[in-house]
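Trainee: Before we begin, may I ask you to set each term against its definition as we go?
Mentor: Certainly; let us look at the chain together.

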Amino acid sequence: MDIDFERRFWARVRRDDSEDGCWVWTGSLMTRGYGRLWVKGRREGAHRVAYEIAYGPFDKALRVLHHCDNPPCVRPKHLFLGTQLDNMRDAARKGRMTNCYRWTSENNPNKGKPLPDYICDAVGRAHERPFRVRAPDGEVIEGINLTKYCREHGLNQGGMWSVINGLKPHYRGYTPVYYPRIK
Ligand SMILES: [Zn+2]
């Protein structure tokens with residue numbers, strides 16, 4: 001990575017330098033909210049480029065994962081390397097996976113097929129995991145069981161998951177806590 005490229009890269013990042021602050025990519029985004037840019041004619045994830053700038057070249061078969069669970073974040077200390085399985089376990093642990101059959105990550109060779117039981121178990125438990133979303137009144141609410149919350153509030157769980165995961169900007173007044181605001 002040459003120094004000129006690095007300067008232009010970081011110029012497209014909005015940095016929050018507080019202790020746990022995220023550095024958010026302000027350029028274009030991929031589905032799921034990851035930053036995207038062109039490097040030598042190839043489309044690359046901004047978080048992957050940030051990782052390489054900070055820590056040097058890495059095995060491209062590996063995924064660059066987020067400690068902060070915020071897809072557009074490119075702050076090097078929030079990033080770590082892992083396998084696709086690590087990624088799924090991490091997602092399940094953070095309550096991001098919703099359905100054993102609908103997991104369609106870009107590099108998953110099992111795309112569209114049922115996942116192994118040990119992952120489905122994790123997904124099942126994921127419904128009991130905490131969720132975080134901004135309510136219509138602007139308050140951030142956190143819960144431990146989205147199914148229960150949706151039932152009690154007459155909400156569609158799929159719609160809520162899309163918002164919680166940052167895939168949709170809003171659902172019935174609910175918005176993602178981490179949804180990046182692109183001007
Ligand atoms: Zn972050």
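Mentor: We start with G27, which is placed in the loop between β2 and β3 (36-39). This is a predicted model, in which local features need pLDDT of at least 70, side-chain atom pairs count only at pLDDT 80 or more, and totals for chains, interfaces and linings use all residues. Residues are numbered from 1 along each chain as its sequence is written.

Trainee: What makes β3 a strand?
Mentor: Strands are DSSP runs of E with at least two residues, helices are runs of H or I with at least four, and both are numbered from the N terminus. By that rule the chain has six helices and eight strands, in the order α-β-β-β-β-α-β-β-α-α-β-β-α-α.

Trainee: Why is G27 called partly exposed?
Mentor: A residue is buried if 20 or more other C-beta atoms lie within 10 Å of its own, exposed if 12 or fewer, and partly exposed in between, with C-beta atoms placed from the backbone. G27 has 15 other C-beta atoms within 10 Å, and is therefore partly exposed. Of the 183 residues of the chain, 23% count as buried.

Trainee: Which residues does G27 contact, leaving aside neighbours within four places in sequence?
Mentor: Two residues are in contact if their C-beta atoms, placed from the backbone, lie within 7 Å. On that basis, the partners of G27 are R12, G35, R36, L37 and A46. The C-alpha atoms of G27 and L37 are 7.5 Å apart, but the contact rule refers to C-beta atoms.

Trainee: What makes β3 and β4 a pair?
Mentor: Two strands pair if DSSP finds at least two bridges between them. β3 and β4 (residues 42-45) have four bridges, in the antiparallel sense, and therefore satisfy the definition. R36 has G45 in β4 as its bridge partner. In this hairpin, with two residues between the strands, K40 takes a positive phi near 50 degrees.

Trainee: What is meant by a nonpolar core, and which residues have the most contacts inside the largest one?
Mentor: A nonpolar core is a set of buried Ala, Val, Leu, Ile, Met, Phe, Trp, Tyr and Cys residues joined through C-beta atoms within 7 Å. The largest has 13 residues, and those with the most contacts inside it are W23, V24, A46, A50, C73 and V74. The elements giving two or more residues to this core are β2 (23-25) and α2 (46-55); the largest share, four residues, comes from α2. Apart from this core lies another, of seven residues, including V133, L146, M160 and I164.
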